[in-house]
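Reader: I have a model open on my screen and would like to learn how to read it. Could we go through it together, one feature at a time?
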Amino acid sequence: MTNSMKEFEDSGCIFVIGSNTTETHPIIAGRIMTAKEKGAKLIVADPRNIHLAEFADIVVHHRLGSDVALLNGMMHVIVKNGWHDDKHIEERTEGFSDLEEVLEDYTPKKVEAITGVGCVDIERMAEMYAGNHPAALLYAMGITQHTTGVDNVKSCCNLAMLCGNVGVRSGGVNPLRGQSNVQGACDMGGLPNVFPGYQPVADQTANEKFSNAWGKALPERAGLTLTDMVKGMGDGRIKALCVFGENPKLSDPDSGHLDHVLKKLDFLLVQDLYMTETAADADVFFAGASVAEEDGTYTNTERRCMRGNKAIDPLGKALPDWDIICRLSSAMGYAMDYSCPEEIFDEMTSLTPSYGGMTYERLGINGLQWPCPGKDHPGTPYLHKDNFSRGKGKFHAVKYLDPDEMPDEDYPFFLTTGRMFSHYHTGTMTRVSPHLHSEQKSGYIEVSPKDAGDMMLNDGENVRVLSRRGQIEVPVKITSRVGEGLLFSPFHFRENPINRLTNPAFDPIAKIPEFKVCAVKLEKIAE
Amino acid sequence: MNMMHEIVKEWLEQEKIDLFIGYKVVDGHPLPCFFTRENIDDVDNLVESKARYPLEKIAAKVYSTHPEMKIGILARDCNQRALNVLYVWNQLDPEKIETVGINCCPSPAREHADCSYLEREPSGPLKTLIGIENNLKPEQAEVYSQEERFKRWSYEFEKCIKCYGCRNICPVCFCKECSLEHSDLIKKGELPVEIPIFHLVRAVHMAGRCIDCGLCEDACPANIPLRLLYREVNQITARLFDYRAGTDSGQSPFSILGENVTLEPMSL
Amino acid sequence: MSFLQALLDFMGLGGRLHLEWISSAEARKFVQVVTEFTAKIKVLGPNPIKGWQGPEIPDSLPSIFEGRALGV
Ligand code: SF4
Ligand code: SF4
Ligand code: SF4
């Protein structure tokens with residue numbers, strides 16, 4: 001996030017797109033409601049009629065995967081009416097004329113044809129977003145998990161820069177991260193092309209710095225993304241796989257295919273809290289420690305690095321994750337002999353400028369938000385206050401593209417996937433909690449009352465869902481949360497593994513698969 | 001060392017208590033903390049602070065596994081009232097509890113509570129227009145028509161994210177199996193929660209129990225005026241049964257022991 | 001007026017609902033009897049609960065936030 005959670009309470013307008021905030025980021029949703037009560041405007045754009053929509057001034061349900069068109073349409077209206085922030089564009093950005101050219105095409109009429117959102121609504125959204133400064137834009141996986149994920153994100157940034165909402169308090173472009181420490185994992189170089197602090201492996205200075213610090217010449221070429229790894233396993237280039245705290249057999253698209261390539265591996269290592277579907281196939285399983293059993297830090301969605309203190313020692317034979325990695329590395333010939341997480345943290349901060357001013361002592365309970373480059377630096381509640389990391393903010397002229405797979409005669413329904421409020425990802429942690437499990441015990445597929453009526457489906461009845469990649473059976477939930485022709489199903493449930501159906505087509509740059517759109521058909525199961 | 005420290009140390013040393021539950025400042029935040037005989041010097045770090053946690057709930061938890069343990073508690077007025085309720089419901093044994101009292105609640109002599117409560121921000125205009133302001137008195141929430149009351153309360157309940165924070169923090173919510181998780185009563189797996197059943201059930205359960213500490217409202221991420229709702233519940237209980245939770249020491253009118261497990265409301 | 005009727009009245013559901021008490025088989029396991037003091041509501045007549053369609057968000061609202069408006 002460019003900004004901080006607390007700041008949303010003082011936003012003039014909050015635009016939520018592709019995020020089911022009350023269910024997936026409930027505390028942020030609380031901030032949004034407070035903002036709303038204080039008089040902020042709220043715009044919700046989501047293919048589903050989500051809970052948060054109840055509180056919105058404008059709600060639109062754009063067609064699955066049509067985000068770029070919708071955002072371009074808003075920008076078209078803003079530019080046509082001169083509502084954009086000339087001064088900000090002039091001083092802080094570049095590439096506006098290219099964008100302007102592309103926007104020319106996206107008349108409300110055309111956008112209505114693509115997105116299904118009425119011209120009037122597009123105009124109202126544009127006016128509301130541009131007219132209530134500062135406006136915060138919030139998005140989640142509904143923006144990123146598309147073959148056009150990067151384009152979608154760029155469009156969000158375009159909109160924010162266009163209205164001077166970047167580098168201001170209570171504004172910004174705010175991706176709500178999906179896991180407690182996914183921000184931290186990315187910050188620490190948990191990506192194939194960068195070292196900690198997003199220092200590129202291909203950058204010579206950075207590479208030398210880390211090679212010296214770690215006493216080993218490090219590769220200058222980026223590694224593989226998850227999507228590439230699946231391919232690598234398929235064609236035999238990858239022979240062994242280590243999986244830490246992930247359950248790809250349920251969480252990856254087209255899981256039938258993944259099953260198949262996992263079998264080709266010579267060696268599979270899984271480290272997790274509990275036996276997962278993936279772990280069941282592993283040659284070796286390491287029991288990791290839970291949040292209550294290990295010390296360390298977490299960096300949350302607002303870039304706030306916070307300490308986690310263990311309450312108890314790991315149970316059974318479990319070990320803290322850092323310890324397992326150190327032992328594994330040492331056994332493989334590269335000695336890692338850290339005595340505690342703090343020692344690792346100190347080494348990391350010495351190599352990562354944005355974390356440079358952090359120490360365990362300074363983190364305290366509240367933590368610090370990066371960038372925090374010096375010992376006296378108070379941390380940074382919002383980014384890009386005076387300039388962008390690359391100097392000027394660049395507008396990217398982005399054109400709308402259809403999702404990889406659109407419904408057709410054979411597979412007439414749109415299917416989208418996501419989370420529901422009581423479960424988390426593949427349920428490895430939430431389904432073993434009796435309280436959370438009792439909230440929702442099985443998978444389901446949301447079907448609109450109209451479609452259910454047409455197919456004579458009853459609530460709770462099992463239905464067969466088929467895509468080009470596979471088929472599953474899952475109970476029907478009839479609800480007006482989805483419109484005609486749209487289906488939604490959470491991916492938490494191993495009994496109803498919806499990712500057997502999803503499309504592995506991915507974004508060419510970020511390599512993120514299109515979990516949010518695929519085409520399926522429904523079949524009533526004969527009694 | 002102040003007087004409170006002396007007393008607590010003395011109690012621990014003389015084995016009047018085995019454990020003291022109070023607050024300690026950690027990285028600038030007062031947090032609940034156990035003080036023990038083994039680590040008696042730590043008692044010097046004990047503070048009153050403005051923090052409010054259901055310390056008696058922690059004590060009840062300890063009591064459930066270590067019934068022999070004698071526990072000292074730093075007790076504000078609200079903690080004291082909650083302790084009384086826990087005694088009435090046999091969740092704690094008064095013989096095992098010692099308190100160091102802090103008088104802090106507002107009284108005719110004192111306008112403001114010396115605690116974290118009453119420092120809340122004023123309600124925003126939307127809440128004033130279509131919701132229920134948190135700092136109303138029950139009578140003030142009764143000026144609206146029936147239809148409007150329902151709309152206003154429903155708006156508030158609509159915000160609920162079903163985190164169960166209100167129940168989890170509540171010193172007098174101690175049931176092993178909570179009705180709020182009972183699928184026959186409350187629809188599962190959906191947001192918003194079933195309106196108004198979820199909040200109605202909890203409100204009913206607070207009759208004769210809620211001691212008006214406001215912790216639930218502090219904990220509620222949706223800022224629902226829960227304290228106000230339960231205050232009304234208390235007023236009805238006082239009016240119909242002449243019983244005040246936390247101050248009257250008798251059994252609650254809502255507890256009937258024995259075979260008769262279903263309680264019919266007395267109609268007057 | 002019974003306890004529950006008074007409470008429903010406070011929530012704006014006065015006089016519109018018929019109440020039926022249910023007890024659960026697990027009730028005996030509860031720490032105390034009061035936990036099962038729980039109402040399942042049966043509806044008589046027009047049902048305001050079903051009538052609840054979500055909040056009506058008003059069009060214009062004084063904001064306590066002083067933001068920059070259009071064209072400024
Ligand atoms: S005010 Fe809330 S937390 Fe306190 S006793 Fe009453 S219901 Fe429980
Ligand atoms: S809400 Fe009711 S059932 Fe649940 S813990 Fe509180 S009093 Fe017990
Ligand atoms: S604390 Fe508030 S949001 Fe959470 S369950 Fe209770 S009423 Fe709902």
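Reader: Let me begin with a pair of strands in chain A: in which sense do strand β1 and strand β2 of chain A pair, and over how many bridges?

Author: Happy to help, and please keep in mind that this is a predicted model. Here is the general idea: strands of a sheet pair through backbone hydrogen bonds, either parallel or antiparallel. In your case, β1 (residues 13-17) and β2 (residues 41-45) of chain A run in the parallel sense, joined over 5 bridges. If you want a place to start looking, find A:C13, whose bridge partner in β2(A) is A:K41.

Reader: What is the strand order of the open sheet in chain A?

Author: Read across the sheet, the order is β3-β2-β1-β5-β6 of chain A, which makes 5 strands with parallel pairing. At the edges you find β3 (58-60) and β6 (173-175) of chain A, each of which pairs on one side only. On average, neighbouring strands of this sheet are turned by 15° against each other, direction ignored. Helix α3 (residues 67-80) of chain A packs on the sheet, where it touches β1, β2 and β3 of chain A. The direction of helix α3 makes about 155° with that of β1(A).

Reader: Now to the contact of chain A with chain B. How much area do these chains bury between them?

Author: The size of an interface is often given as the accessible area lost when the parts come together. For chain A and chain B that comes to about 2100 Å², with 55% of it on carbon and sulfur atoms. In chain A, the residues that lose the most area to chain B are A:E37, A:I365 and A:E439, together 30% of what that side buries. The contact takes 24 residues from chain A and 23 residues from chain B.

Reader: There are ligands as well. Which residues come nearest to ligand 1?

Author: A useful habit is to list the neighbours and then sort them by class. Ligand 1 has 13 residues around it, and B:C170, B:C210, B:C213, B:G214 and B:C216 come nearest. Sorted by class, this shell has 10 nonpolar, 1 polar and 2 charged residues.

Reader: And why is the site of ligand 2 described as shared between chains?

Author: The site is shared because residues from chains B and C surround ligand 2. Of its 10 surrounding residues, B:C173, B:C175, B:C178, B:S179 and B:H205 come nearest. The shell around ligand 2 has 5 nonpolar, 3 polar and 2 charged residues.

Reader: Chain C makes me curious about confidence. Where in chain C is confidence lowest, and where is it highest?

Author: Where pLDDT is low, the predicted coordinates should not be read in detail. Chain C averages a pLDDT of 59, and 29% of its residues score at least 70. Confidence is lowest in strand β2 (residues 39-43) of chain C, at a mean of 54, and highest in helix α1 (residues 3-10) of chain C, at 82. Over residues 21-37 of chain C, pLDDT stays under 50, and the model has 56 contacts beyond four places in sequence for that stretch. For the model itself, the scores are ipTM 0.89 and pTM 0.89.

Reader: One last backbone point: which peptide bond leading to A:P134 is cis?

Author: That is the bond from A:H133 to A:P134, with omega near -5°. A:P134 is found in the loop between α7 (119-131) and β5 (135-139) of chain A. In chain B, the bond from B:I195 to B:P196 is also cis, with omega near -5°.

Definitions and conventions. Residues are numbered from 1 along each chain as its sequence is written. Chains are lettered from A and ligands numbered from 1 in the order in which they are written. This is a predicted model: local features need pLDDT of at least 70, side-chain atom pairs count only at pLDDT 80 or more; totals for chains, interfaces and linings use all residues. Side-chain values use heavy atoms; hydrogens and water are left out. pLDDT is the predictor's confidence in each residue, from 0 to 100. Helices (H or I, at least four residues) and strands (E, at least two) are DSSP runs, numbered from the N terminus. Contact means heavy atoms within 4.5 Å. Two strands pair if DSSP finds at least two bridges between them. Axes are lines fitted to C-alpha atoms, for helices over the stretch in contact, and angles run from 0 to 180 degrees between N-to-C directions. A residue is near a molecule or strand if one of its heavy atoms lies within 4 Å of it. Ala, Val, Leu, Ile, Met, Phe, Trp, Tyr, Cys and Pro count as nonpolar, Asp, Glu, Lys and Arg as charged, and the others, Gly among them, as polar. Buried area is the accessible area (1.4 Å probe) that two parts lose on being put together, summed over both.
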